[in-house]
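Thank you all for coming. Please have a look at the chain on the screen for a moment, and then I will walk through it slowly, beginning with the chain as a whole and ending with some aromatic rings.

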Amino acid sequence: MLRVGFIGTGVIFNLNVLGYLHNDDTDIVALCNRTIQKAKDKIKKFNLAENIQIYSDYREMIKDEDIDLLEILLPHHLHAEATIYAAGHGVKVISVQKPMAMTLKEANEMIKACNDSGAILSIYENFIFAPHIRKAKELLDQDYIGDITSIRIKVAMGGSGGWQTPQSAQEWRLDPKIVGGGSKGSPVLFDNGWHAFALARWLVNEEIDKVFAWTGSFKGIDTPAYVVFKYNQSKEHVVPQYGQMEFSYLPEMKISSPYYSTDEFIEIIATRGIMRINQGTAIGNNMTKSDIFAPIIIIRDGKVENYNDFNTDWNQSFINATKHLIEVAKNKKEPILSGYDAKKVLKFNLAAINSVEQKKEIRLDDFS
């Protein structure tokens, strides 16, 4: 039985806790939140055990409780501090919300602290556990549409349609010192955008060579934002591989979702076909029921193939991510997004933000 502790019981806790409910391998023993009542509310909301200990200081929780697996659901500027403290006080498996850290220096310190203590460091990335995205990855790895030549990731952020988030959660994302992502802060490229940067590497199985990015500004957020990048060619490809990302805010559009009013669309071009991965955060709404927005569409050999047989609730990606984390903890396995791999995502992400600030192309080998 793995003893689990949570630092942070904000909105995202509602999704991260799902994989632990009714799980015979885990026991949630402690919650930490600066506002004690918020933690109490979550115990009631999810019918958690009444004997769960509640703390307002995560240091006290880690010292007092014998925690095997720790979930860190804190604002970005606290990720490194909490990880290093947990690793130094005997926590065996540490799961950190995205983005991994504010800087590459912090990421290195987190990795070193975990290596020194023998702790497993895992960065939580639910998108790679969404059932339709995992199926798309399986087809790509099977060479179903040939050698990938390009990828395009479109993120659409609607003005309404999702769940309500506390004003405090919105405010800290507008504070550069808390949200991170350059001198002006980056709630789009660095916060929401992390998922796209992680998917761009994971789906294509190549590292990034160079990146160029541009962002606008709308009511304090860095949108619209555009990122173009070239992959390293670690092996010979038929056509050199490039990619692009686009982040757009649609203030007058309602994106129906039980979660955030955001959705994602991914197009992959390969030598024998085209794949479109439709929807992410808002999958399962009315759009999903339309043939033109099937979760996966493939054009190959003169035919159009639709893949529809998936659990289309976005919460399944969180449940699957937690199941993976529990298996990592039980069997002392390498997580799918280890600290080392997540640092590569962080470097790609920060290099794009640096490109915006420097107004030039950034080669990742030259970025530190």
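Let me start with contacts: among those in the chain between residues at least 6 apart in sequence, 68% join residues at least 24 apart. Please keep in mind that what we are looking at is a predicted model.

The chain has 12 helices and 15 strands. Its radius of gyration is 20 Å, close to the 21 Å that the globule rule gives for 368 residues, so the chain is as compact as a globular protein of that length. If you draw a box along the principal axes, the C-alpha atoms fill roughly 60 × 45 × 45 Å.

Now to the surface and the charges. Buried residues account for 57% of the 368 residues in the chain, while the accessible surface comes to about 16,700 Å², with 48% of that belonging to carbon and sulfur atoms. There are 42 positive and 46 negative charges in the chain, and the mean positions of these two groups are 2 Å apart.

Which residues of helix 10 are buried? This helix covers residues 194-204, and 11 of its 11 residues are buried; among them are Trp194, His195, Phe197, Arg201 and Trp202. Just after helix 10 comes Asn205, whose phi is positive, near 65°.

That brings me to the aromatic rings. A pair of such rings is described by the distance of the centres and the angle of the planes. The count in this model comes to 16 aromatic pairs. One of them is formed by Tyr58 and Tyr85, which are arranged edge-to-face, at 6.0 Å centre to centre and with 80° between the planes. Tyr58 lies in helix 3 (residues 58-64) and Tyr85 in helix 4 (residues 79-88), so this pair ties together parts that are 27 residues apart in sequence. Both Tyr58 and Tyr85 are buried.

Phe197 and Phe348 also form an edge-to-face pair, at 4.7 Å centre to centre and with 80° between the planes. This pair links distant parts of the chain, since Phe197 sits in helix 10 and Phe348 in helix 12 (residues 339-358), 151 residues apart. Phe197 is buried, with a relative accessible area of 0%, and Phe348 is buried with a relative accessible area of 0% as well.

Finally, please find one aromatic cluster on the screen, which is formed by Tyr124, Phe127, Trp163, Tyr259, Tyr260, Trp314 and Phe318.

How values were computed:
Residues numbered from 1 in each chain as written. Predicted model: local features only at pLDDT ≥ 70, side-chain atom pairs only at ≥ 80, totals over all residues. Heavy atoms only, no water. Buried < 20%, exposed > 50% of the residue type's maximum accessible area, 1.4 Å probe, protein only. Helix = DSSP H or I, 4+ residues; strand = E, 2+ residues; numbered from the N terminus. Rg over C-alpha atoms; globule rule 2.2 N^0.38 Å. Contact = heavy atoms within 4.5 Å. Areas by Shrake-Rupley, 256 points an atom, 1.4 Å probe, with all protein chains shown as cover. Lys, Arg positive; Asp, Glu negative; His and termini not counted. Charge placed at Lys NZ, Arg CZ, Asp CG, Glu CD. Phe/Tyr/Trp six-rings, centres within 6.5 Å; stacked < 30°, edge-to-face > 60°.
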